Each structure stands twice: as C-alpha cells, then as structure tokens.
Amino acid sequence: MKPVTILTALIITVLLSVFMASCTDQSSLSGTVTWRDSGGAAQGVSVILFNASDNATMDITATAVDYTIVTTDEDGTYTFTNLRAGSYIVFAALEGYVFDPATRQVEVQGVTVDIDFAGYEDEPDAPPNDPITCYSVEAEDPNVCSGNGTCVSFNNCECDAGYYGDECDDDTKPLPTYTKNNKMVVSGRFSYPDPCFGDLDADGDMDLVVGNYYGIFQYYEYSHITTSGHILFYEQHGDDNPFFGIDVGDYSSPCLADVDGDGDLDMISGHRSNNAGIIYFENIGTAQKPQFEQRSADNSPFGHIFAADATLPSMADLDNDGDPDLMVGFTTSYYENTGTAQNPIFERVDNDLSPLKGVRDYYFFSPTFGDTDNDGDLDLIAGYYSYSNARELYIHYDNIGTKENPLFSYYDYLRNDEDAMLLCNPALVDINQDGVLDIIYGKGSGLIELKGSLH
C-alpha cells in the first residue's frame with residue numbers, strides 16, 4: 001500500500017501547488033476618489049477598468065476580465081476584485097467633471113494595487129472677446145471659408161452646396177472612410193447583436209436598443225463622453241427598460257421611428273420564422289418616458305408584410321415628403337408610405353421603380369440609412385451574411401439621385417481589419433458627435449465602433 005500512499009501524496013501536492021498558484025494570480029485594484037477643492041469623498045463616480053494586456057487595445061466586449069464598471073460608495077472608495085494577472089487601464093468618469101490622473105495603466109499580479117483620483121468641475125474656457133475667425137479670416141469677411149460658406153464658430157466653416165473641405169475650397173465630393181475606434185463603452189453580453197439608436201428619453205442624445213438571437217431587447221441609456229474620449233452607455237433593467245418583457249421569438253431586429261406621427265418614437269422589429277413579419281410596438285407613453293404596446297397584425301400598418309425566413313426592417317424618409325418609408329432587409333424590398341405621417345400606408349414598389357433597383361439581394365441583407373458623405377441626402381450601408389469572406393462585412397451605396405428621388409449605386413465594400421461574425425447588422429450614428437456618421441456593428445458578444453471620416 002506504500003506506493004499508492006506516495007502517489008496520492010504527490011497528486012495532492014501537485015493540486016495544492018496549482019491551487020496556490022491560481023490564487024496568487026488573482027489580484028485586486030482599489031482606491032479612493034475625492035474632490036480636489038474640498039477633499040471630500042466623491043460618491044457616485046463611475047470607475048472603468050479595461051484589460052490592456054494586448055498592447056493596450058481597449059476591447060469593448062464586456063466580460064468580467066476585459067471590461068467592467070463600478071461606482072464609488074459614500075466614502076468615495078471603489079474596488080475591483082478577482083482580476084487575472086496582466087496590464088489594465090483604469091479611469092474615473094462623471095459628466096461635467098475632470099479627474100486627475102485622466103487614465104492610469106497598471107500591472108497587477110497577485111497583489112492589491114491602489115490608485116486614487118481627484119476630481120474637479122470641468123469649467124469651459126470663457127469665450128474670447130475677439131471676433132470669430134475661420135482659418136485666420138474674420139467671420140464677417142466675404143472671403144471667409146473661401147467665399148463658399150459661412151463661419152459659424154472658430155475654424156468651423158459651414159459650406160454652401162457643392163463645396164467641401166474644412167475651408168470650403170474643394171468642389172470634389174468627399175468620400176467616407178471608416179477605422180476601428182472602440183471608444184464606445186457598453187456593459188453587458190450579447191448574442192448576434194442588432195443595434196439601433198434613438199433619443200428614447202427626449203434629452204437630446206442618442207440611446208441604444210440592441211436586439212439579439214434570443215428575440216429580446218436590451219436598452220442602454222447614453223450617459224456622456226469622458227475627457228479621455230470614451231462614450232458611456234449604461235444598461236437599464238426592469239422597469240427602467242421600456243422593452244422589458246418583450247420577446248419576438250428568434251433574432252429580434254429593432255428599428256426606432258415615429259410611425260404614427262405623434263412626436264414620440266415607436267418601435268418595429270423583425271424576427272426569424274417560417275412566415276416572418278414586421279412586429280409593431282406603439283409608444284403609448286410619452287417622448288420622455290416611453291411605454292410600448294404590441295399591436296396585432298389587423299391594427300398595424302405593417303400587418304401585410306411577410307418574408308419566407310426573416311425580416312430586417314429599416315425606416316427613413318427616402319422620398320423627403322415628411323413621413324418615414326420602409327425597407328425590409330433579407331428580401332431587399334422597398335415600401336413607400338403613401339399615407340400620411342399620422343396614418344401611414346406602406347405599399348411595395350416594384351423593383352424597376354424602386355430606389356433599390358441597383359442594390360444586390362444578399363442573404364440576410366441588413367440595411368441602415370444616413371447621410372454618410374454630408375451632401376444632404378440619405379445613403380445606404382448594409383450588412384449581410386458572408387459565406388466566403390468574413391472581412392467583407394458591409395456594402396456602401398451612395399445616393400446618386402436626389403432627396404426626393406433617391407437612387408442607390410454601389411460605392412464600395414467596407415472591409416474590417418479582423419474577422420467578425422458572418423451575420424452582421426450595422427447602425428449609423430454620430431457616436432462621437434464630430435459631425436460625421438459612424439458605424440456600430442455586432443461582433444460575437446460585443447459591439448464594435450468604426451469611426452467615420454470624410455476625405
């Protein structure tokens with residue numbers, strides 16, 4: 001029996017050493033946030049932690065290790081526990097305040113690391129008494145903005161039609177390009193996320209609704225942009241989520257629009273089934289506090305619209321007549337609103353007469369509209385299911401027609417710099433508020449931001 005006893009002792013020794021090693025590899029990060037002027041505790045400040053082990057790349061996919069948020073308590077303290085050994089970036093954030101240090105990168109390995117922050121009110125600089133200028137030319141000078149625009153604020157030219165560039169000195173239409181940015185911070189987990197944006201609380205900024213594989217809806221309220229440029233969204237739960245309890249089956253695909261012209265946002269959603277339709281949720285609450293109630297097919301302006309496998313809806317005023325029209329992805333169909341803003345009637349337009357006649361019918365074609373090149377009309381970005389190349393995620397169609405009679409023409413594929421889910425649903429929104437639309441799309445269990453630029 002002796003050899004068995006020795007073997008058992010060896011196994012126990014090995015297991016204990018592995019256990020102890022794993023324990024010592026667990027770290028914590030804590031600290032205190034105070035107000036610089038008074039020295040008092042700063043309660044309710046968000047402290048954000050990123051895993052920066054991969055060369056300080058901030059991955060917004062929210063997991064317990066890659067990214068998380070805590071809030072300081074009444075003593076101004078915060079703590080992150082059970083951190084794996086590695087490199088982390090941490091910063092504090094509260095709208096209207098600046099914190100010192102702005103960010104800190106730390107190495108943790110089996111120890112407790114303390115990092116304190118001091119906050120103070122972010123007071124904007126007093127406006128100068130000097131006249132407003134754009135590129136050293138006064139706003140009242142007829143030659144300002146190359147004589148082709150208006151100087152609306154310091155170095156901010158608003159160009160006349162047909163002129164482009166910072167100084168309105170270029171008559172060549174700029175082309176949008178997109179680069180991975182990842183400054184959008186969204187907590188939570190997703191599965192095949194389908195994002196859409198809208199001001200759901202009427203406070204002047206864009207909130208986020210995310211559909212997913214399970215057919216439910218996650219709601220994120222916009223908070224603010226930090227001094228480090230991160231854009232914070234906070235998930236709302238229970239009664240604070242106006243979509244709580246709504247389930248459309250498989251693959252919820254939300255779209256926000258004022259369907260009935262009463263001044264607040266309603267929601268429609270696609271889904272996947274053998275006879276998929278467009279499900280309409282009327283906002284019976286207010287613009288500030290929405291409450292969504294599902295309408296039956298008989299009481300819905302979308303009750304006659306079906307597809308064989310799935311529906312991926314998008315709404316926009318494609319003919320510039322003051323009411324929203326409808327495009328249904330997967331089938332690549334266009335429905336013009338021939339009614340009114342208050343009493344919509346959606347009639348399918350034949351392909352030969354449709355502004356989408358130049359748009360190829362891809363599998364799981366997922367459309368979204370926006371003025372990507374800032375020329376005053378709506379363009380089209382669409383995701384699709386790629387069988388062969390997961391890097392070719394989106395197709396960009398430029399509107400070569402007019403506001404009233406759009407015609408979408410192929411412009412380019414938008415290729416991603418890494419593999420993503422083969423099924424991708426894009427949303428267009430100026431997430432960083434720089435005047436150019438950005439693309440937000442789903443990747444696995446997270447959301448990725450592609451920053452838009454015009455060149």
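**Confidence and the sheet around Y335**

In this predicted model, the chain has an average pLDDT of 83, and 84% of its residues score at least 70.

Trainee: Which elements of the chain have the lowest and the highest mean pLDDT?

Mentor: Helix α1 (residues 2-24) has the lowest, at 44, and strand β23 (residues 279-283) the highest, at 98. Over residues 6-24 the pLDDT is below 50, and this stretch has two contacts in the model beyond near neighbours in sequence. Residues 54-65 also have a pLDDT below 50, with 32 such contacts. Where pLDDT is low, the predicted coordinates should not be read in detail.

Trainee: Why is Y335 called buried?

Mentor: The limit for a buried residue is under 20% relative accessible area. Y335 has 8%, and is therefore buried. Leaving aside neighbours within four places in sequence, its contacts are I305, D325, L326, V328, F346, E347 and R348.

Trainee: How do you know that β27 and β28 pair?

Mentor: Pairing requires at least two bridges between the strands. Three bridges join β27 (residues 325-329) to β28, so the criterion is met. The two strands run antiparallel. Y335 lies in β28 (residues 333-337) and is the bridge partner of L326.

Trainee: What makes β26 and β29 edge strands?

Mentor: The open sheet has four strands in the order β26-β27-β28-β29, with antiparallel pairing. β26 (312-316) and β29 (346-348) each have a single partner strand, so one side of each is left without a neighbour in the sheet. From one strand to the next, the twist averages 25°.

Technical notes: Residues are numbered from 1 along each chain as its sequence is written. This is a predicted model: local features need pLDDT of at least 70, side-chain atom pairs count only at pLDDT 80 or more; totals for chains, interfaces and linings use all residues. Side-chain values use heavy atoms; hydrogens and water are left out. pLDDT is the predictor's confidence in each residue, from 0 to 100. Contact means heavy atoms within 4.5 Å. Buried means under 20% relative accessible area, exposed over 50%, partly exposed in between (1.4 Å probe, protein chains only). Axes are lines fitted to C-alpha atoms, for helices over the stretch in contact, and angles run from 0 to 180 degrees between N-to-C directions.
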